[in-house]
Each structure stands twice: as structure tokens, then as C-alpha cells.
Amino acid sequence: MVDLPRIYDPRGNLTFIQNGDAVLPFTIERVYWTYDVPAGEERGGHSHHEGREMLVALGGSFCVNLFDGQRWQTFTLNRPYKALYIPPGYWRTLDNFSSGSVCMVLTSTHYTEDDYVRDFDEFLKLSRRDEA
Ligand code: TYD
């Protein structure tokens, strides 16, 4: 989890992130966001070969479950000034979306399906190969 800068202001607070900042371990190539996620839905269910991602709950809350091939860790994102960095090679699922939540994702790559591992057994094989 990464703390992003916060500019406090009685008119409303402000947070920002830009290429080159120490909190961002890659250069942003793409930004996408998910919204209108129905209660009880799960998103994600994949890993990336190369793509690095930074997730921020711009509104509401949700959980990110990360699996490195050996253990699962769950992070709750519920503040717009906290980010979760996901290096390549982590299987992730997102769940427990609150009503109205918005998940913004900063990524290091353009979208290409080739960068996805969507099959869990393949992910396990790849993570065992990387350990060997
Ligand atoms: P996916 O990455 O599986 O969504 P999530 O991990 O949030 O559940 O993407 C869902 C669909 O959207 C899939 O068909 C690919 C497409 N997509 C794009 O076309 N461009 C993008 O930048 C992203 C992230 C997804």
C-alpha cells in the first residue's frame, strides 16, 4: 500500500500522482476504471506477464485479493489517497464492492490480451517455473 500526497483544503481535499514521483514505480501508459459493479460481483481473476498496476478506490470501497503462487493477501481499498501497487506475476481478484465504488487503475502497458494469464492452472505453472 502506498500513501499518496494529500492537499488539505476547506473547499475539499486533493490528491495527485504523476510520472517520476517516488510513489509510482513505473511510467503510466494507460488508465482505466471500473464502476457500477453490482453487489456481490467479483472482478479480476487473472495475472499479468509484464503489466504493473496501481489501484486507487476513487470512491467507495472494495477488496483486492492477491496471490503470489504461495499465499493470499487481502487489501481493503477505501481511501482516495491510498494506492495498492501490484507487480507483474500476482493473481488478483476484486470483490466486496460497495455501492457507487470506483476503482481507478494506472498501468504500465497499453492494453493487450497477450499480457494476461486468465487460467489459474497456467498461473500456478508459471509461478512454479519462476521459483525454480
Ligand atoms: P479485465 O481486465 O478482465 O477486467 P477486470 O480485471 O477489471 O475484471 O477486462 C475486461 C474486458 O475489458 C476484457 O474483454 C478486456 C477489456 N479491456 C480493454 O479492452 N481495455 C482495457 O484497458 C482493459 C483493462 C480491459
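On a 1 Å grid over the protein atoms alone, a pocket is an open set of points with protein on both sides within 12 Å along at least five of seven lines, whereas a cavity is a set where a 1.4 Å probe fits but cannot get out; lining residues have an atom within 4 Å of a point. The model shown is predicted, and local features need pLDDT of at least 70, side-chain atom pairs count only at pLDDT 80 or more, and totals for chains, interfaces and linings use all residues. Residues are numbered from 1 along each chain as its sequence is written, and side-chain values use heavy atoms, with hydrogens and water left out.

**View A. The largest pocket has a volume of about 250 Å³.** This volume is the space filled by probe spheres set on grid points, which are joined across faces, edges and corners. The lining comprises 15 residues, of which Tyr32, Thr34, Arg43, Gly44 and His46 are the closest to the pocket centre. At least two lining residues come from each of strands E4 (30-34), E5 (43-48), E6 (53-59), E10 (91-95) and E11 (102-107); strands (E, at least two residues) and helices (H or I, at least four) are DSSP runs numbered from the N terminus. E5 gives the largest share, four residues. Sorted by class, seven lining residues are nonpolar, four polar and four charged (nonpolar: Ala, Val, Leu, Ile, Met, Phe, Trp, Tyr, Cys and Pro; charged: Asp, Glu, Lys and Arg; polar: the others, Gly among them).

**View B. Nine residues in three classes form the shell around the ligand: three nonpolar, three polar and three charged.** The shell (residues with a heavy atom within 4 Å) consists of Arg30, Tyr32, Thr34, Arg43, Gly44, His46, Tyr111, Tyr116 and Arg118. Polar side-chain atoms of three residues lie at short range from ligand oxygen atoms: His46 at 2.6 Å, Tyr116 at 2.6 Å and Arg118 at 2.9 Å. On its own the ligand has 530 Å² of accessible area (Shrake-Rupley method, 1.4 Å probe), and the protein covers 63% of that area. Among secondary-structure elements, E4 and E5 give two or more residues to the shell.

**View C. The second largest pocket holds about 190 Å³ of space.** Its lining is made up of Ser47, His48, His49, Asp68, Gly89, Val117, Phe123, Leu126, Ser127, Arg129, Asp130 and Glu131. Both E5 and helix H1 (120-131) supply at least two of these residues. H1 contributes six, the largest share. Five lining residues are polar, four charged and three nonpolar.

**View D. Five strands form an open sheet in the order E8-E7-E10-E5-E12, with antiparallel pairing.** Strands E8 (72-77) and E12 (116-117) are at the edges with a single partner strand each, so one side of each has no neighbour in the sheet. Strands count as paired if DSSP finds at least two bridges between them. E5 and E12 are joined by two bridges in the antiparallel sense. His48 stands opposite Tyr116 of E12.

**View E. The structure holds one cavity of 30 Å³ or more.** About 50 Å³ of space lies inside the largest cavity. Around that space are Arg30, His48, Gly51, Glu53, Thr107, Thr109, His110, Tyr111, Thr112, Asp115 and Tyr116. Six residues of the cavity lining are polar, three charged and two nonpolar. Arg30, Tyr111 and Tyr116 belong to this lining and also to the residues around the ligand.

Methods:
Polar contact = N/O pair within 3.5 Å; in protein donor to acceptor, adjacent residues only side chain to side chain.
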